[in-house]
Amino acid sequence: MNSLRDKDFRPRRARVVGFGFAIGITVVMIGMSIGLSLAPDSGWTGQDTVSAVLFTALLVGVLLRIVTVHARVTEAGLVVRNVVFTRTVEWGEVVAVRFGGADPWLTLDLDDGENLAVMAVQRADGERARSEALRLARLVEERSGR
């Protein structure tokens, strides 16, 4: 482990855009809440401020979950964290690594017939994504003994 081949897989563009939006939404909502609470005759109440904070926290939470998708390389397999679910697959379970067609991210074909999306490798990252898909395919080949 600890080699460049064993580093985690993470999307680049989605992380930059997601973090940017999270910061932007937070700044806008804070500014709006302060501005409206200080404005005379705005009708903005403390309850409105609480609602704005909760809504902002929800949006930022969803964005942070999106930007933290990754696939962690371990000796035993790959831990894939997508937006909703996290799944661990052993190297031997992976039958094929697919990154083609119009799919927005890499897909693993598993020996139980399921397909597992790996959102950490996204087509939006262009050449870097193709390189990461190849790196993962080589890791699977090496570690599964195929």
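# Notebook: helices α1 to α3 and the segment before them

**Entry 1. F9**

At 0% relative accessibility, F9 counts as buried. I note here that the model is a predicted one. I looked up where F9 sits and found it in the segment before α1. I then asked which residues F9 touches, leaving out those up to four places away in sequence. The list is H70, A71, V73, L78, A120, V121, E132, R135, L136 and L139. For V121 I also took the C-alpha to C-alpha distance from F9, which is 6.7 Å, although 112 residues separate the two in sequence.

**Entry 2. α1**

I checked the length of α1, residues 13-38. With 26 residues at 1.5 Å a residue, α1 should span 38 Å, and its end C-alpha atoms are indeed 38 Å apart. The buried residues I found in α1 are A14, G18, A22, M29 and S33. I looked for what covers them, and the cover includes α2 and β6.

**Entry 3. α2**

Next I went to α2, which runs over residues 46-67 and has 22 residues. From first C-alpha to last, α2 reaches 31 Å, close to the 32 Å expected at 1.5 Å a residue. I listed its buried residues as A52, T56, V60, L63 and V67. Viewed down the axis of α2, these buried residues fall within an arc of 60°, so they line one face of the helix. On the face turned away from that buried side I noted the exposed residues Q47, L54 and L58. What do the buried residues of α2 pack against? They pack against α1.

**Entry 4. α1 against α2**

I looked at how the two helices are set against each other. Their axes come within 9 Å and cross at roughly 175°. The cut-off for roughly antiparallel is an angle over 145 degrees. α1 and α2 are therefore roughly antiparallel to each other.

I wrote out the contacts by helix. On the α1 side they involve A14, R15, G18, F19, F21, A22, I25, T26, M29 and S33. On the α2 side they involve T49, A52, F55, T56, L59, V60, L63, L64 and V67.

**Entry 5. T56**

I picked T56 in helix α2 for a separate look. Is T56 buried or exposed? T56 is buried, with a relative accessible area of 9%. I searched for a polar partner of its side chain and found the backbone oxygen of A52, which lies 2.7 Å from a polar atom of that side chain. Not counting residues up to four places away in sequence, T56 touches I25, T26 and M29. I25, T26 and M29 are among the α1 residues that meet α2.

**Entry 6. α3**

I turned to α3, residues 127-144. α3 has 18 residues and reaches 26 Å from its first C-alpha to its last, close to the 26 Å expected at 1.5 Å a residue. The buried residues in α3 are A129, E132, A133, R135, L136, L139 and V140. They cover an arc of only 160° around the axis, which puts them on the same side of α3. On the other side of α3, I found E127 and E141 exposed.

I asked what covers the buried residues of α3. The cover includes the strands β1 (70-73), β2 (77-81), β4 (94-98), β5 (105-110) and β6 (115-122). Just after α3, I noted that G145 takes a positive phi of about 80°.

**Entry 7. A129**

Within helix α3 I looked at A129. A129 is buried, with a relative accessible area of 1%. Its contacts, not counting residues up to four places away in sequence, are F99, V121, Q122 and R123. I also took the C-alpha separation of A129 and W105, which are 24 residues apart along the chain, and got 8.6 Å.

**Entry 8. R135**

The last residue on my list was R135, also placed in helix α3. R135 is buried, with a relative accessible area of 10%. What does the side chain of R135 reach? I found that it reaches the backbone oxygen of K7 at 3.0 Å. R135 is also one of the residues that F9 touches, which takes me back to the segment before α1.

Definitions and conventions. Residues numbered from 1 in each chain as written. Predicted model: local features only at pLDDT ≥ 70, side-chain atom pairs only at ≥ 80, totals over all residues. Heavy atoms only, no water. Helix = DSSP H or I, 4+ residues; strand = E, 2+ residues; numbered from the N terminus. Expected span 1.5 Å × (residues − 1). Buried < 20%, exposed > 50% of the residue type's maximum accessible area, 1.4 Å probe, protein only. Arc of directions from axis to C-beta. Contact = heavy atoms within 4.5 Å. Polar contact = N/O pair within 3.5 Å; in protein donor to acceptor, adjacent residues only side chain to side chain. Axes fitted to C-alpha atoms, helices over the stretch in contact; angles between N-to-C directions. Parallel < 35°, antiparallel > 145°, perpendicular 65-115°, else oblique.
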